[in-house]
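Here's a quick briefing to read with the model open in your viewer. It goes through the fold, the helix packing, the rings and a couple of single residues.

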Amino acid sequence: METRVHELHPTLIHAPLALLPTTVIVDLAARFSGDRRLDKAGRALWWGVVGSGLLAGVAGMAASQEVKADKHPRDMMFLHGLGNVTLVVGALGVALWRTSHRASLFSNLVGLGAFAFASYTGWLGGEMVYTHGVGVKELTMKDGELDQLSPRLFSRQAPARILRDAVKGLGWLLGRARRVFSGVEQLDPSAYGVKAIEQKLGEQPPVEHGGARPELHPV
């Protein structure tokens with residue numbers, strides 16, 4: 001099966017997701033050890049997070065225009081994209097600051113917060129794919145229809161399609177953000193994923209004490 005343009009994002013997203021916690025750990029070690037080599041490595045890693053995040057972000061913006069989704073997963077896609085844009089901008093700020101400063105408690109706290117937030121946005125991405133089938137259900141379409149929606153990654157039209165859809169995706173994200181924050185549009189509350197977490201917790205079997213099912217006695 002050939003790779004489609006919209007499948008580039010889930011391929012690239014692993015790089016920043018792996019680099020971010022690595023960067024946080026190295027920066028923490030540099031802060032508390034005072035090792036200049038670790039500090040220099042942490043500085044370089046922050047730029048690695050920014051670069052890999054930008055690549056994954058461009059692919060993600062393009063993918064947002066190359067898949068079909070109903071309102072609920074579309075709202076979730078908006079939150080996922082907006083959160084990741086915030087992360088990349090934040091990482092750029094830290095990388096610029098770290099260029100002329102050593103690792104500090106402040107940069108450590110920002111890194112830990114970014115890692116926690118990235119875990120949430122990554123979970124939203126997984127929910128879109130594995131629960132709602134965004135980008136997966138379209139594989140059942142006929143080849144001609146799928147080619148129009150998302151061409152093959154190594155086709156001649158792929159580079160232009162990625163750039164075009166990335167610009168359209170960024171415009172969609174910023175336009176939607178303006179309408180949401182101004183109160184013109186409202187997001188489906190379940191798009192935040194809170195209900196999904198509650199449902200999964202509710203599906204857990206009851207805990208039995210002492211390895212045996214508790215007995216019920218009539219009053």
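Is Tyr120 buried, partly exposed or exposed? Tyr120 comes out as partly exposed, since its relative accessible area is 29%, and the cut-off for buried is under 20%. Keep in mind that this is a predicted model. The protein has eight helices and zero strands, and the bullets below start from that overall layout.

**Overall layout**
- Reading from the N terminus, the elements go α-α-α-α-α-α-α-α.
- The protein has 219 residues, and 40% of them count as buried.
- Take the contacts in the protein with a separation of 6 or more: 81% of those are between residues 24 or more positions apart.

**α2 against α3**
- Helix α2 covers residues 14-33, and helix α3 covers residues 36-64.
- The two pack at an angle of about 160°, and their axes are 8 Å apart.
- That angle makes α2 roughly antiparallel to α3, because anything over 145 degrees counts that way.
- The crossing of α2 and α3 is left-handed.
- On the α2 side, the residues making the contact include Ala15, Pro16, Leu19, Thr22, Thr23, Val26, Ala29, Ala30 and Ser33.
- On the α3 side, they include Leu38, Ala41, Gly42, Leu45, Trp46, Gly48, Val49, Ser52, Gly53 and Ala56.

**α2 against α5**
- Helix α5 spans residues 105-130, and α2 packs with α5 at an angle of about 160°, with the axes 9 Å apart.
- So α2 and α5 are roughly antiparallel to each other.
- Here, too, the crossing is left-handed.
- From α2, the residues that meet α5 are Leu17, Leu20, Pro21, Val24, Asp27, Leu28, Arg31 and Phe32.
- From α5, the residues on the other side are Leu105, Ser107, Asn108, Gly111, Leu112, Ala114, Phe115 and Ala118.
- Leu20 and Asp27 of α2 turn up in the contact with α5 and also in the contact with α3.
- Arg31 and Phe32, both in that α2 set, also have a charge-over-ring arrangement: the charged end of Arg31 sits over the ring of Phe32, 5.3 Å from its centre.

**α4 against α7**
- Helix α4 is residues 71-99, and helix α7 is residues 158-181.
- Their packing angle is about 105°, with the axes 10 Å apart.
- α4 and α7 are therefore roughly perpendicular to each other, as 65 to 115 degrees is the range for that label.
- In α4, Arg74, Asp75, Met77, Phe78, Gly81, Leu82 and Val85 do the meeting.
- Their partners in α7 are Trp172, Leu173, Arg176, Ala177, Val180 and Phe181.
- Within this interface, the charged end of Arg74 sits over the ring of Trp172, 4.6 Å from its centre.

**Aromatic pairs**
- There are three aromatic pairs in the structure.
- One of them joins Trp97 and Phe106: the ring centres are 6.3 Å apart and the planes are at 70°, so the pair is edge-to-face.
- Trp97 is partly exposed at 30% relative accessibility, while Phe106 is exposed with a relative accessible area of 55%.
- Phe117 and Tyr120 form a stacked pair, because their planes are at 25°; the ring centres are 6.4 Å apart.
- Phe117 and Tyr120 are three residues apart in helix α5, so about one helical turn separates them.
- Phe117 is partly exposed, with 33% relative accessibility, and so is Tyr120, with 29%.

**Two single residues**
- Gly113 lies in helix α5 and is partly exposed, with a relative accessible area of 38%.
- From Gly113 to Val24, the C-alpha to C-alpha distance is 9.8 Å, with the two positions 89 residues apart in sequence numbering. Val24 belongs to the α2 residues that meet α5.
- Ala69 is in the loop between α3 and α4 and counts as partly exposed at 29% relative accessibility.
- Ala69 and Gly133 are 64 residues apart in sequence, yet 8.7 Å apart in space, C-alpha to C-alpha.
- Neighbours within four places in sequence aside, Ala69 is in contact with Arg74, Met77 and Val134. Arg74 and Met77 are also among the α4 residues that meet α7.

Note on methods:
Residues numbered from 1 in each chain as written. Predicted model: local features only at pLDDT ≥ 70, side-chain atom pairs only at ≥ 80, totals over all residues. Heavy atoms only, no water. Phe/Tyr/Trp six-rings, centres within 6.5 Å; stacked < 30°, edge-to-face > 60°. Buried < 20%, exposed > 50% of the residue type's maximum accessible area, 1.4 Å probe, protein only. Helix = DSSP H or I, 4+ residues; strand = E, 2+ residues; numbered from the N terminus. Lys NZ or Arg CZ within 6 Å of the ring centre and 35° of its normal. Axes fitted to C-alpha atoms, helices over the stretch in contact; angles between N-to-C directions. Parallel < 35°, antiparallel > 145°, perpendicular 65-115°, else oblique. Left-handed = near helix turned anticlockwise from the far one by under 90°. Contact = heavy atoms within 4.5 Å.
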